[in-house]
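Student: Could you take me through one part of this protein in detail? I would like to see how one helix packs against another.

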Amino acid sequence: MENKTMLKLVIAPGMAFVAGLSFFILFANEQAQEFYGLTPEGTTGNSNFVFYPIAIYVFLIGCGTMYYRTEDLKYVEAILYLFVSIFVVRVLSIAISGFEVSDYSLVVLPAEILLAPILGYLWYREKERESPSASEAMIVVTCLLYTSDAADEEDSVDLGGRRII
């Protein structure tokens, strides 16, 4: 199966998952706070709880959608940068505050930990496939040089006063 197809198969469930989490936060706020293991205090805490996760989820959905439309790997790179950032902050948070088991940690953390390496591997494979190797690039340059002048001269090429045999 082609790498781009595999990327789409990995990105699509991720988009559906974060869209579901967004609706969960918006329409079942109290249950979502319990799911996330949070107890925000006052209006500011609640609005931050709604705003920050949804901003991240909308960004992920937007990048996934743009990758589907264009197949441009820069959108996958943006998702990977976000995943790496979240992973680093998550590790620091656990190191500083310790690990608490909640429904969120049981459902979302495995997805965060597994999805980034899978997405990174597929991105790398596709990036590698799209880039011509040095020998392929040399063949193209050599063939262009040969076909442009050498056919007329038969045994050599004149490049600005220098003759190349």
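Tutor: Here is a close look at one helix pair, with some context before and after.

Keep in mind that this is a predicted model. Start with the whole chain. The protein has 6 helices and 2 strands. Along the sequence, the order is α-α-α-α-α-α-β-β. Of its 165 residues, 28% count as buried. Now take the contacts between residues with a separation of 6 or more. Residues 24 or more positions apart make up 62% of them.

Now the pair itself. Two packed helices are described by the angle between their axes and the distance between the axes. Helix α1 covers residues 3-27. Its partner, α5, covers residues 103-130. The two pack at an angle of about 150°, and their axes are 10 Å apart. An angle over 145 degrees counts as roughly antiparallel, so α1 is roughly antiparallel to α5. The crossing of α1 past α5 is left-handed.

Which residues meet? From α1 come Asn3, Lys4, Met6, Leu7, Val10, Ile11, Phe17 and Leu21. Facing them in α5 are residues including Val107, Val108, Leu115, Ile118 and Leu119. Further along α5, the list goes on with Leu122, Trp123, Arg125, Glu126, Arg129 and Glu130. Sort this contact by class. It has 13 nonpolar, 1 polar and 5 charged residues.

Pick out one charged residue, Lys4. It lies in helix α1. Is Lys4 buried or exposed? Its relative accessibility is 13%. The cut-off for buried is under 20%, so Lys4 counts as buried. Now set aside its neighbours within four places in sequence. Lys4 is then in contact with Glu126, Arg129 and Glu130, as well as with Tyr67 and Glu71. Glu126, Arg129 and Glu130 are among the α5 residues that meet α1.

Next, step just outside α5. A loop runs between α4 (73-97) and α5, and Phe99 lies in it. Phe99 has a relative accessible area of 48%. Exposed means over 50%, and buried means under 20%, so Phe99 is partly exposed. What does Phe99 touch, leaving aside its neighbours within four places in sequence? The contacts are Ile94, Ser105 and Leu109.

Finish with the outside of the protein. Its accessible surface comes to about 11100 Å². Carbon and sulfur atoms account for 65% of that.

Technical notes
Residues are numbered from 1 along each chain as its sequence is written. This is a predicted model: local features need pLDDT of at least 70, side-chain atom pairs count only at pLDDT 80 or more; totals for chains, interfaces and linings use all residues. Side-chain values use heavy atoms; hydrogens and water are left out. Helices (H or I, at least four residues) and strands (E, at least two) are DSSP runs, numbered from the N terminus. Buried means under 20% relative accessible area, exposed over 50%, partly exposed in between (1.4 Å probe, protein chains only). Contact means heavy atoms within 4.5 Å. Axes are lines fitted to C-alpha atoms, for helices over the stretch in contact, and angles run from 0 to 180 degrees between N-to-C directions. Angles under 35 degrees count as roughly parallel, over 145 as roughly antiparallel, 65 to 115 as roughly perpendicular and the rest as oblique. A crossing is left-handed if the near helix is turned anticlockwise from the far one by less than a right angle, and right-handed if clockwise. Ala, Val, Leu, Ile, Met, Phe, Trp, Tyr, Cys and Pro count as nonpolar, Asp, Glu, Lys and Arg as charged, and the others, Gly among them, as polar. Accessible areas come from the Shrake-Rupley method with a 1.4 Å probe; for residues, only the protein chains shown count as cover.
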